[in-house]
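Colleague: I would like to take a close look at a single part of this model with you, and then see how its surroundings are put together. Here is the entry I have in mind.

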Amino acid sequence: MGCLSIIRKQGRCLALTAMLACGLTGHPVSADSSGLPTLGGVGGGLVSEQQEAAIGERVLQSIRRSDRLVQDPLVRDYLSDIVHNLVPYAPLTDRDLHLVVVDSAGINAFAVPGGIIGVNGGLFLNAKTEQQFASVIAHEIAHLSQRHFARRMQQQETSAPMTVAGMLAGIILSAVTQSDVGIAAIAGSQAMAVQNMLQYSRAHEKEADRVGLDILAQAGMDPKGMPRMFEIMMDRNRLQGGQPPEYLSTHPLTPSRVSDTWNRAQQYPERDVSDSLEYHLMRARLQVRYARSDKAALNAFGALVRDDDASPAARYGLAVAHLANNQPGEAEPILRRLLDQSSGRITFTVTLAKALQRQGQYDEAREQLEAALRRNPDNDPITLQLADVELAAGNASVAAKYYAEVNRRHPDNAHLWQKRAEAEGQARNIVSVHRARAEFHQLIGDLEAAERQLMEALGKVPGGSPVQDVIQQRLTSVRERLTRQRQF
């Protein structure tokens, strides 16, 4: 991603990722007690893919600790679908990507070494079409495919080691304290390198535009979505009068770059691509989330559905707004009508089940979801909503099994381990509580807390049991990681 030249309070954890993605030099730097990986590598300063993965893991830990992620299973599932539609057409060597949705209404997206792609929830608000939204994702995938982080480090071979030290200190302070102290440290050291980095950063942006356009076209989407999205950002920049969207702070955008992207996009065959309904349903969910108030969201969507020609997305948004206003009884008939018109749609089914759950109608909610799961095995939003219904109905053991099922598919979801620990606790499965908490702590980088939880679990299982062996193996792994971390 582009060089971060403007750093603000909003999107603090993205400032962190931007620094990792664009600000470090190619000189080897010893990691400190925080366990940050050594930077630099063989081959004239290029960072190895293993080092990129280690950096990416540190970034993920910081983002998880920040607790500023959108955990909505429907939104996360949509993002996963669109990324997996684009990835087959990207020149990536490693397609095992980690996706995050940052809980911020601002426009931003980022790509970080180690295969991390993230977007702000606000990207859904500002991208008016799915083609525009997908263009930002394609651009970030292109940054990963071209290994721009490693190439920038090679370009920065002559940067002063103190610049790197300052940025690393800022990263650590920001991750640990979530305060402006870390941001100030990053900003001060970054200023030393910005002038030399800017031209190279623009070259990377143009390359990511070109590769991203190819990805869009080959995936059957409209490449013109990219320059249209750029124009939206430029308009926002003009309206905000010197306070550009976060995305422009990390992705330098000029009129000439927009013009160049238009010219490239027009070279592809003309195609009429329709948005999926699912994109606009997710956009409606996030419009409710980021409305000035729950009442404002209700009024806004209420105004859109006053006539019978209202779009399904507008009617769905009204239902979600009713749920946000604690009016599940008002949401229910809207959702039933939507399901009648689009039988089996997962988003409508899951949201209706939520409305039924909120009214204490657990049996019908369960029936709806179990039927949906038979049609869509291993679907995460359906399974997680089933878990929520069972937990609300007092069936904690059943809920824990559903959470465990999704855990097996997504072992790196820290929030899910927290939910599972809650269910296991209500079911009085104390050993499982400690194991789930241990996984949560190791995902946020607190290995000492993970070790303590595993020790607690180990002390509560019979000697010689298979569960004891599993816990002992996990404890050994955590202790080995702790030893390596303390050596730095």
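Which residues in H14 are buried?

Modeller: Bearing in mind that this is a predicted model, the buried residues in H14 are Ala-313, Ala-314, Arg-315, Tyr-316, Gly-317, Leu-318, Ala-319, Val-320, Ala-321, His-322 and Leu-323. That makes 11 of the 13 residues of H14 buried, so the helix is largely enclosed by the rest of the structure. Its length is in keeping with a regular helix of residues 312-324, because at 1.5 Å a residue the 13 residues should span 18 Å, and the end C-alpha atoms are indeed 18 Å apart. Just after H14, Asn-326 takes a positive phi of about 60°.

As for what does the enclosing, the buried residues of H14 pack against helix H3 (73-86), H12, helix H13 (294-304), helix H15 (328-341) and H16. Two of these partners, H12 (residues 277-289) and H16 (residues 346-358), also meet each other, with axes that come within 10 Å and cross at roughly 30°. Because angles under 35 degrees count as roughly parallel, H12 is described as roughly parallel to H16. On the H12 side the contact is made by Leu-277, Glu-278, Leu-281, Met-282 and Arg-285, and on the H16 side by Thr-347, Phe-348 and Thr-351. Sorted by class, this contact of H12 with H16 has 4 nonpolar, 2 polar and 2 charged residues.

From H16 and H3 the picture leads on to H18, since both of those helices are among the elements that cover the buried residues of H18, together with helix H17 (362-375), helix H19 (396-409) and helix H20 (414-426). H18 is mostly covered, with 12 of its 13 residues buried, and these include charged-side-chain positions such as Asp-380, Asp-388 and Glu-390 alongside Ile-382, Leu-384, Leu-386 and Val-389. The helix, residues 380-392, reaches 18 Å from its first C-alpha to its last, close to the 18 Å expected at 1.5 Å a residue. At the N-terminal end H18 is capped by Asn-379, a side-chain oxygen of which lies 3.0 Å from the backbone nitrogen of Ile-382, whereas after the helix comes Gly-394, whose phi is positive, near 90°.

Some individual positions elsewhere in the chain add to this view. Asp-222 lies in the loop between helix H8 (180-218) and helix H9 (225-240), and it counts as buried, at 12% relative accessibility. The side chain of Asp-222 reaches the backbone nitrogen of Lys-224 at 3.0 Å, and, leaving out residues up to four places away in sequence, Asp-222 touches Gln-131, Leu-216, Arg-228, Arg-271 and Val-273. Gln-453, in helix H22 (residues 447-458), is likewise buried, with a relative accessible area of 16%, and beyond its neighbours within four places in sequence Gln-453 is in contact with His-434, Arg-437, Ala-438 and His-441. Gln-468, in helix H23 (residues 466-487), counts as partly exposed at 21% relative accessibility.

For the chain as a whole, the secondary structure comes to 23 helices and 3 strands, and 55% of the 488 residues count as buried. Of the contacts in the chain with a separation of 6 or more, 66% are accounted for by residues 24 or more positions apart.

Note on methods. Residues are numbered from 1 along each chain as its sequence is written. This is a predicted model: local features need pLDDT of at least 70, side-chain atom pairs count only at pLDDT 80 or more; totals for chains, interfaces and linings use all residues. Side-chain values use heavy atoms; hydrogens and water are left out. Helices (H or I, at least four residues) and strands (E, at least two) are DSSP runs, numbered from the N terminus. Buried means under 20% relative accessible area, exposed over 50%, partly exposed in between (1.4 Å probe, protein chains only). A polar contact is a pair of N or O atoms within 3.5 Å; within protein, one must be able to donate a hydrogen and the other to accept it, and residues adjacent in sequence count only if both atoms are side-chain atoms. Contact means heavy atoms within 4.5 Å. Axes are lines fitted to C-alpha atoms, for helices over the stretch in contact, and angles run from 0 to 180 degrees between N-to-C directions. Angles under 35 degrees count as roughly parallel, over 145 as roughly antiparallel, 65 to 115 as roughly perpendicular and the rest as oblique. The expected span of a helix is 1.5 Å times one less than its number of residues.
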